[in-house]
Amino acid sequence: MELDNFPFDSQELNVHLRVNNANEDEFPVKLVFQQDASKIQTSLFLLHNTWHLLSGLAFQVTDSDSNLSGRGFTYPNIIIKAKVQRRPLYYVMNVCVPMFSFVCMAFTSFFVPSEDAGDRLALSLTLVLTAAAYKFVVAGMLPALGYLTMLDGYVMWCSFFIFVIVIENA
């Protein structure tokens with residue numbers, strides 16, 4: 001799965017079925033696809049609370065590559081493709097909104113008089129610690145990847161804004 005746009009991503013799920021009866025055998029199998037007889041029962045989709053199953057299936061009937069077979073035979077394949085879209089509300093409410101509120105609270109340090117520099121710094125540094133602790137908690141809710149997702153970028157920008165406010169207050 002590619003998660004560059006996590007949690008606003010969509011994925012294509014593929015199911016590959018192969019009949020273990022070679023086309024070159026005595027009784028070959030011929031797969032016939034009927035579009036009107038194929039449908040998804042969305043009420044039985046188990047991951048409906050995390051993913052939204054988009055309508056429409058794609059079917060592809062092919063034969064396998066004879067070079068992949070030990071005997072050099074081809075086998076009938078059918079590939080069923082369904083598209084799902086992640087429901088992002090959980091991540092928006094539990095990651096984006098709190099991080100946004102930390103940034104908004106960091107801006108409240110500008111309402112503290114500039115001659116009370118200690119109070120200003122105490123407020124902004126407390127929010128830095130809060131945001132850092134929250135990021136560690138949130139890291140357990142997010143997929144561990146070798147690249148940054150959209151949500152990672154958002155959290156980093158929020159942290160950057162808080163950092164800039166602390167530097168300005170100092």
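A disulfide is a pair of cysteine sulfur atoms within 2.5 Å. Keep that cut-off in mind, because this predicted model holds 0 disulfides.

**Stop 1: the cysteines**

Select C104 and C158 and show their side chains. The cysteine sulfur closest to that of C104 belongs to C158, and at 8.9 Å it is too far away for a bond. Turning to C158, you will find that its nearest cysteine sulfur is that of C96, 7.8 Å away, and that C158 is in no disulfide either. Now switch on a surface. C104 is partly exposed, with a relative accessibility of 36%, whereas C158 is buried at 6%.

**Stop 2: helix 3**

Stay with C158 and colour residues 150-169, which make up helix 3. Its 20 residues span 29 Å from the first C-alpha to the last, close to the 28 Å expected at 1.5 Å a residue. Next, select the buried residues of this helix: L151, D152, V155, C158, I162, I165, V166 and N169. Look down the axis and you will see them on the same side of helix 3, because they cover an arc of only 150 degrees.

What do these buried residues pack against? Bring up helix 1 (89-107) and helix 2 (117-139): the buried residues of helix 3 pack against both. Then rotate to the other side of helix 3, where W157 and I167 are exposed.

**Stop 3: a buried salt bridge**

There are 2 salt bridges to visit in the structure. Start by selecting D9 and R86, whose side chains meet with an N to O distance of 2.6 Å. D9 sits in the segment before strand 1 (10-18) and R86 in strand 3 (residues 76-86), so this pair ties together parts that are 77 residues apart in sequence. Both ends are out of the way: D9 is buried, at a relative accessible area of 3%, and R86 is also buried, at 11%.

**Stop 4: a salt bridge between loops**

Finish with D25 and R71, a salt bridge in which the closest N and O atoms are 3.0 Å apart. Here D25 comes from the loop between strand 1 and strand 2 (51-63), and R71 from the loop between strand 2 and strand 3, so parts 46 residues apart in sequence are tied together.

Are these two residues buried or exposed? With the surface back on, D25 counts as partly exposed at 30% relative accessibility, while R71 is exposed at 52%.

Conventions: Residues numbered from 1 in each chain as written. Predicted model: local features only at pLDDT ≥ 70, side-chain atom pairs only at ≥ 80, totals over all residues. Heavy atoms only, no water. Salt bridge = Lys/Arg side-chain N within 4 Å of Asp/Glu carboxyl O. Helix = DSSP H or I, 4+ residues; strand = E, 2+ residues; numbered from the N terminus. Buried < 20%, exposed > 50% of the residue type's maximum accessible area, 1.4 Å probe, protein only. Expected span 1.5 Å × (residues − 1). Arc of directions from axis to C-beta. Contact = heavy atoms within 4.5 Å.
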